[in-house]
Amino acid sequence: MSHTIAAVSTGNQVSAIGILRLSGDDCIAVSDKVFSLNCQKKLSDVPDRKLMLGALHDKQGRIIDQCMAVVSRGPHSYTGEDTVEFHCHGSPAVLAAGLEALYLAGAKPAKRGEFTKRAFLNGKLDLTQAEAVIDLIEADTADAAANAAGQVGGVLQKKLAPIYDDLVNLCSHFHAVLDYPDEDIEDFGLENYSGNLRSDAKALYNLLKTYGQGRILRQGVAAAIVGRPNVGKSSLLNALAGFDRCIVTEIPGTTRDTVEETVMLGSTRLRLIDTAGIRDTADTVEALGVRRSKEAVENADLVLFVCDGTQALTQEDQDIMDLCLDQQNAIALINKSDLGSRVDPSDLPFMTVISICAKTGEGLDQLADTVDAMFESEMPCDGSILTNARQYDACRRAYEAMLRSLQGLQLGLTPDAVLTDVEEAMEAMGEVTGATVREDITARIFERFCVGK
């Protein structure tokens, strides 16, 4: 028996429609206490997945809203339990009153992610699908949404399930022969499983290779804006953000720490990091900012080197360029193009050099096209890209354990020694799908969800 939970599933903002959601064994009976159908029937008598018009009322019988209700009986529902949804007018006051009525009728407040957690516990979703739900809700780009939707649909689960099944079959066969020697069970031979182990390890390796793109797809491109003081770094961030995110003055060293802002540049999501101007300084606070600037460059997916086109390049510019050229993706920007330029693109040792004016926006369209081309992925965003850090770590541990087991096979180790690594790989793969994940980890995962999902 599962107790009935209820929550608002559409947030607290005014909207055209607001949804109250219930799930649990008594949710239909609870709903019948506060909802009267216009057709004079009860919700317990209506068919599944059919919107029915009626009145939602409080304990005193006062009408809260004229709305629609839909019943989905378990196991053919999102949670696998009986569920009811009320599609109300989207006033927060209406939804709050409706929720209070449901609580008084016997429902309990839902916890964060409890509806999806019940779907996971009832076998409607595995953990990759459940985590993809929150990714879909939080998606900032069409590609991120498409990949998350594919994972909700089970694309990643279908890639991982055969690998996990192979590991389970190998371990179960070994233990069956070991524990039941008198039974008519086919003799265990590791060599019979070596082919599957190799192909599974290769499949896992190919999946792990997608994580670099997946991380960018989910988090955006970390782009560090670097240069010496007063070349226009903060002005560039403000121009790309569309508002004055950073303080801009003529005083060198105004920016003393990294400042971050997420923007869409073309079709690419950038996590812009405006850094302190890199130079030698005796100021302790500014020196700390310079150190953080250098760390931002080292950890960035993209480096935007900015120089002042109205001034000749200095040794400080050269030192910063040397730092930038160690990075895989770097673009040089000659700023203040509206004032003429004393810097020629050939003076800058970058593959891509663009003249811009952060003040007028000149050159920013070219920058957008360049960044889009630089981070355009050939991988389909269909759910097959690994985007989740927790899943990546578990898959990495599984892959490394499988490599150790294959090495053990080549060295001629005994089956029990090889199986130690196979079981470790199986345990790690189970963490990805949820088959072996600890309860505290699942609790932390579902805490990321909003109430009502």
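Is R404 buried, partly exposed or exposed? R404 is partly exposed, and its relative accessible area is 32%. The model in view is a predicted one, and R404 is a convenient place to enter its charged side chains.

R404 takes part in a salt bridge with D421, where N and O lie 3.2 Å apart. This contact links distant parts of the chain, since R404 belongs to helix α13 while D421 belongs to helix α14 (residues 415-433), with their positions 17 residues apart in the numbering. The partner of R404 has less of its area open: D421 has a relative accessible area of 17% and is buried, because buried means under 20%.

Helix α13, which covers residues 389-411, also holds a salt bridge within itself, between R396 and E400. In this pair the closest N and O atoms are 3.2 Å apart. R396 and E400 are four residues apart in the helix, so about one helical turn separates them. Both side chains fall in the middle class of accessibility: R396 is partly exposed at 27%, and E400 is partly exposed at 34%. The pair does not stand alone, for R396 and E400 are linked with D393, R397 and E431 in a network of salt bridges.

Another pair with this spacing is found in helix α3 (residues 114-121), where R118 and E114 are four residues apart and therefore separated by about one helical turn. Their side chains meet in a salt bridge with an N to O distance of 3.3 Å. Here both partners are buried: R118 has a relative accessibility of 8%, and E114 has a relative accessible area of 12%. Side chains of opposite charge can pair when their charged atoms come close. In total, the structure holds 18 salt bridges.

Charge also gathers on the surface without such pairing. E295, E298, E316, D319, D322 and D326 form a patch of negative charge there, and residues of a patch have no salt bridge. Two helices, α10 (284-299) and α11 (315-324), each supply at least two residues of this patch. The largest share comes from α11, which gives three residues. One member of the patch, E298, sits in helix α10. E298 counts as exposed because its relative accessibility is 53%, and exposed means over 50%.

Notes:
Residues are numbered from 1 along each chain as its sequence is written. This is a predicted model: local features need pLDDT of at least 70, side-chain atom pairs count only at pLDDT 80 or more; totals for chains, interfaces and linings use all residues. Side-chain values use heavy atoms; hydrogens and water are left out. Patches are made of residues with over 30% relative accessible area and no salt bridge: like charges are joined within 9 Å, nonpolar side chains (Val, Leu, Ile, Met, Phe, Trp, Tyr) within 5 Å. Accessible areas come from the Shrake-Rupley method with a 1.4 Å probe; for residues, only the protein chains shown count as cover. A salt bridge is a side-chain nitrogen of Lys or Arg within 4 Å of a carboxyl oxygen of Asp or Glu. Lys and Arg count as positive and Asp and Glu as negative; His and the chain ends are not counted. The place of a charge is taken as NZ of Lys, CZ of Arg, CG of Asp or CD of Glu. Buried means under 20% relative accessible area, exposed over 50%, partly exposed in between (1.4 Å probe, protein chains only).
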